[in-house]
Amino acid sequence: MTDEEDQKARALARKTKVSNICKWLMFMNPVVMDTETTGFKCDSEVVEVSIIDGRSESVIFSELIKPRVPITDEVAKINNITNEMLEPCPSMPAKWHSIKDLLDGKCIVAYNATFDQRLLGQSADVWGIDTSISFLAWFDLMQLYAEFHGAWNGKRQCWQSIKLAVAAEQMGIKADSAYHRALADTIVTRRLMIALANWKPEQDRG
C-alpha cells in the first residue's frame, strides 16, 4: 500500500467512525442545545438557552435569561443580545428546573459541549441551585466534526476544531438565520449531525 492509499484508508475509517456515531445518536433520540453567554470567563453566565428535538427539529425550549452579571460589549456585538433585552427576562432560578427536566435522561448534543455544560453549571451555581442533571451522555459535535474533517493540530496533539459556520458550509448546510443566537445554532448543529449520519464515501469521490 502506498502512502497515498494509506492516507485515504485512514480518512475513510475516520469518517465512517464519525458517521456511525451520528447514526447511533439519531437512534438515541437526542436533544440538541446551545447557549449564549455574558462572556467566556469563570464568572460568565448564560443569557439564552435553546433546546430542540434531535429527530424532528421541533423547538422544546428557547428563552432569554437575565444574568446577575452584565453581558460584555464584546459579546453583545457577536450575539446581538443586549443588557436592555435581558432586563425584563426571568433569571435562572425561574427556568432551571424546566431546563433540567428537558435534559434529564437524555443524550445531549452540542457544538462545543464542554463550554455549554460549564456555563450552565456556573449559571446555576451563582444562585445556589443544585446543578446535578441525570443526563445519559453529552456529545460534542465540534470534536466529532474535527475528527471527520481530519486536520491535525500538532501543537495541541488533537484534531483541529472548526467553527460551526465553517463546518456547515463544508457540508453544504445553510443557516435559516444569523449564527451566534442559540436557536439558530442548535438548528444548524442538528442539521450537521444529520449530514454526518447520512454521509457516504461516494460524496468524497464526487
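Let me start at a loop: Asn80 sits between α2 (73-79) and α3 (83-86). Helices here are DSSP runs of H or I with at least four residues, strands are E runs of at least two, and both are numbered from the N terminus. Phi of Asn80 is near 60°, a positive value in a residue other than glycine. Is Asn80 buried or exposed? Asn80 is exposed, with a relative accessible area of 54%. The cut-offs: buried is under 20% relative accessible area, exposed is over 50%, and partly exposed is in between, with a 1.4 Å probe and protein chains only.

Some ground rules. This is a predicted model, where local features need pLDDT of at least 70, side-chain atom pairs count only at pLDDT 80 or more, and totals for chains, interfaces and linings use all residues. Residues are numbered from 1 along each chain as its sequence is written, and side-chain values use heavy atoms, with hydrogens and water left out.

A second loop residue. Gln157 lies between β6 (152-153) and β7 (158-159). Phi of Gln157 is near 55°, again positive in a residue other than glycine. Gln157 counts as exposed, at 54% relative accessibility.

Now the whole chain. The protein has nine helices and seven strands. What radius of gyration does the protein have? The value is 18 Å, and a compact globule of 206 residues would be near 17 Å, so the two agree. That radius is taken over C-alpha atoms, and the globule rule is 2.2 Å times the number of residues to the power 0.38. Along the principal axes, the C-alpha atoms fill a box of roughly 65 × 35 × 30 Å.

Of the 206 residues, 46% count as buried. The exposed area is about 11,000 Å², and carbon and sulfur atoms supply 52% of it. Areas come from the Shrake-Rupley method with a 1.4 Å probe; for residues, only the protein chains shown count as cover.

Next, contacts, meaning heavy atoms within 4.5 Å. Take the contacts with a separation of 6 or more: residues 24 or more positions apart account for 69% of them.

Charges. There are 24 positive and 28 negative charges, and their mean positions are 4 Å apart. Lys and Arg count as positive, Asp and Glu as negative; His and the chain ends are not counted. Each charge is placed at NZ of Lys, CZ of Arg, CG of Asp or CD of Glu.

Cysteines. The structure holds zero disulfides, a disulfide being a pair of cysteine sulfur atoms within 2.5 Å. Cys42 is exposed, with a relative accessible area of 70%. Cys89 counts as buried, at 17%.

Cys89 brings us to Ile65, one of the residues that Cys89 touches. Where is Ile65? Ile65 lies in the loop between β3 (59-64) and α2. Its relative accessibility is 0%, so Ile65 counts as buried. Leave aside neighbours within four places in sequence. Ile65 is then in contact with Val46, Val47, Glu48, Val49, Leu86, Cys89, Pro90, Ser91, Met92, Lys95 and Ile99. Trp138 is 73 residues from Ile65 in sequence and 22 Å away, C-alpha to C-alpha.

Another buried loop residue is Thr38, with a relative accessible area of 2%. Thr38 is in the loop between β1 (31-37) and β2 (46-53). Not counting residues up to four places away in sequence, Thr38 touches Ser44, Glu45, Val47, Pro67, Val69, Pro70, Ile71, Thr72 and Val75.

On to helix α1, residues 3-27. Asp3 is in α1 and is exposed, with a relative accessible area of 63%. Asp3 and Ala184 are 181 residues apart in sequence and 41 Å apart in space, C-alpha to C-alpha.

Met26 lies in α1 too. Met26 is buried, at 18%. Ile194 is 168 residues from Met26 in sequence, but 7.8 Å in space, C-alpha to C-alpha. Beyond four places in sequence, Met26 touches Gly54, Arg55, Met193, Ile194 and Ala197.

Last stop, helix α6, residues 141-149. How many of its nine residues are buried? Seven are, so the helix is mostly covered. They are Leu141, Met142, Leu144, Tyr145, Ala146, Glu147 and Phe148. These buried residues pack against α1, β4 (107-110), β5 (137-140), β7, α7 (164-170) and α8 (182-197).
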